[in-house]
Amino acid sequence: MDDVAELRSATALVKSDYAKALQMSRGSSEPADENVYITVQFAADYLSDKTYLSLKAAREQAKTAVERDMAKTRQNAYSKRYHAQVIEENMPLLSKIPYTHVNAIDYSSFVTLTVPAAALDEQVLTELAENENILHISLTQNIQAVATEDIYPSWDEVKNCVNASDILENQTYTGAGLKIGVYEANGVCDVNHINLQNKNITIKESDVNTIHHHATKVTSIISLIAPDAELYVARCNRSQGLQWFIEQGCDIVNCSFAYYDNNLKNGAYVVGPRQYRYDIDAVYDQQIEENSIIAVVAAGNRSKTTNMDLLSYNPDNYMASPAHAYNAITVAGVEISDDGWVAASRSCYKSNTAGRMPDVAAPYFVTIPGIGVSSGTSYSAPIVAGCIALLLERNEQIEGSPEAVQSILSATAQKTADYTISLGTNRHSDLKVGAGVIDLERMISCEDCINTITYNTHTNPIVWTQYIYLEQGQEIQVGLSWLVSTVPSSSSNEGELYLTDYNLYLFDPSDPDFTGMAPATSQLTNSNVEMLRYTATVDGVYVVRIYRFLTMNANNQTDYISLAYSIADTNS
C-alpha cells in the first residue's frame, strides 16, 4: 500500500468482502476462503552489497558455459543466504500479526503470511506500515491460467508469423545447454505425451501428481521450438515467485498464468483496471533483477466464465499480474486476418499503470502438433520463451542479461498489419502489441547490441552516443531496456520504485551538432523499455543518443542498460 490511509481502507474492504463471501457461501457447495494473504517487503540493500557485486562481475566475466553455470550457482546461493538473513532479522516485527503460516519467498526480501480474515487487525498493520524496515504491505488473493478456445492457424503459419521456419526446420539452434522453466497454474505436464517423450524434463517433486492439459500444451510449444533445452516444470505457488526455478539454475521461465482480484459488488464478482502489485509484480521484479533470470509472462485474455466464481471475467482487456512486472517480458497475442497478422481482440493489453503495455507479441491462436487447437496468451508466451532460448544459444554473452534480451526483442520485432503508434508523436510503440511480433531470424542475426552501466550520480544527461551509417531508404529500429529496482524511492513517479527515465533520440546527418529537433525520439515515462523506428532520408552517419531525463534513483544505485538496433531495407 502506498500510505497508511490506503492500508486502512484496504483492510476494511477485505473484511467487508469476506463477510459478503461468507453470506454467499451459505447457499453454495463452495465454502468461502477464510484466509487473507498478507505480503510484506522488508528493507534490504542487496544490490549495493560488495559480495553480490563481486559475484555478478565473476558471472559476467566467465568465458565458458561451465564457468557461467558455476558463477550463477554461487551468486544464487549467496542471494538466498543474504535474503534469508534479512527476513530472519526482521520477522520479530510481524509478531503482532495473528498469522497461522508464514512463507519466506527465497531470493527476495518478501514474506507472505496466512491470516484468518476475522483476525485481521487494522491497528497492527498501520503500525507496521510506519516502520522504516518495512517497505510495503499487500493484501491479496487469486490465480488462474490464461487460455481460451477458438479457431486457429496451423503450426507452419505460427512459425512463419515469428519468422522461425528456416531455423526450426534446419535445427540451426535447438536450445542446447539452456534451462527453461515452465510455471503453471493448475498442474504440470504429462511427460509421457508424445510431444514430451524422451525429453529432458524435471518435475518439481511435490507437483508430480498434478498433471494438467494446459501445462502439457505450454511445455509442448517450448519443446517444439527448443527441443534440446532442459525443461523444469512446477505448479504455481503465489507465495514463492520464481524461487524454485532460480534454485534449478534456469535461464528462462515461462509464466502462462495471471492473478486476478475478486471485487465483490452487489453480490457478484467484477474485475476492474489492473495496477502494479507489490505482492506479485514486485517479487518478480526483484528476483529477476538480483538473480539475472529471464521471465516471459502471458499478458492475459479477455474472457468470461459462466461459473459462480467469475475469476476470469475481464471484459475490458486489462493485463493482469505478473504481466505488470517491469523486468519481465510481457507477451500479447496476434491473430491472422485478410490483411495479415493483427492484434488479437481478446489478448489483454490495457493497463492503468501509466506507460506499461505488452512488450512484444506472438500468435494467440495455435494448432499444436500432437495436441490440436488452442488459444490464449498462454500459448503466445511459450513461443517467445522458446525463441529466446535459441537467441541465448546463439549469443552466449547475453545469457543472464534480461535487459539485453528485452532490447533485442524491441529492436527486431515486426509491425503488425494494424500497428499504430498509439502513444503520440515519436513514441513508436503500440498499446496492444508493444514493439510488435517477435522475429526470430532478426533476433538471431542482431549483432549490434551493446551493454553499458551508468550511475545516476552522473551530472551529464547524455548516457551513451552511438554512430550508425545508413543508406537512404533503410529503416533503423532501436531498442533500449534497463532493469527496475523494487526498493522505494521518494522521488519516483510510482512512489515505490527506482525507475530512472531514459529516453532515445535519433539525429540525422544534417544536424551534426545536435542543435535542432531530433527527427525521431522515444520518450515513454514510467517504463523501462524505449524503442524507435526511423527510415533514413539521405545517406550518411546518424546518431542515436540515450539521455537520462529524470533521475528517480535516490541511493546512487547502478542501472544496467542495454541498447540494441537492427537495420532493414524498406524497399526490399
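**Helix 7 and its packing**

Modeller: In this predicted model, helix 7 is largely enclosed by the rest of the structure, because 11 of its 13 residues are buried. Buried means under 20% relative accessible area (1.4 Å probe, protein chains only). Local features need pLDDT of at least 70, side-chain atom pairs count only at pLDDT 80 or more, and totals for chains, interfaces and linings use all residues. Residues are numbered from 1 along each chain, and side-chain values use heavy atoms, without hydrogens and water.

Biologist: Which residues of helix 7 are buried?

Modeller: Among them are His-214, Lys-217, Ser-220 and Ile-225.

Biologist: How do you know that the span of helix 7 agrees with its 13 residues?

Modeller: The expected span is 1.5 Å times one less than the number of residues. For residues 213-225 that gives 18 Å, and the end C-alpha atoms are 19 Å apart, which agrees.

Biologist: Why are helix 7 and helix 10 called roughly parallel?

Modeller: Their axes cross at roughly 30° and come within 8 Å. Axes are lines fitted to C-alpha atoms over the stretch in contact, with angles from 0 to 180 degrees between N-to-C directions. Angles under 35 degrees count as roughly parallel, so the pair is roughly parallel.

Biologist: What makes the contact?

Modeller: Contact means heavy atoms within 4.5 Å. Helix 7 contributes residues including Val-218 and Ile-222; helix 10 contributes residues including Tyr-379 and Leu-390.

Conventions
Helix = DSSP H or I, 4+ residues; strand = E, 2+ residues; numbered from the N terminus. Buried < 20%, exposed > 50% of the residue type's maximum accessible area, 1.4 Å probe, protein only. Parallel < 35°, antiparallel > 145°, perpendicular 65-115°, else oblique.
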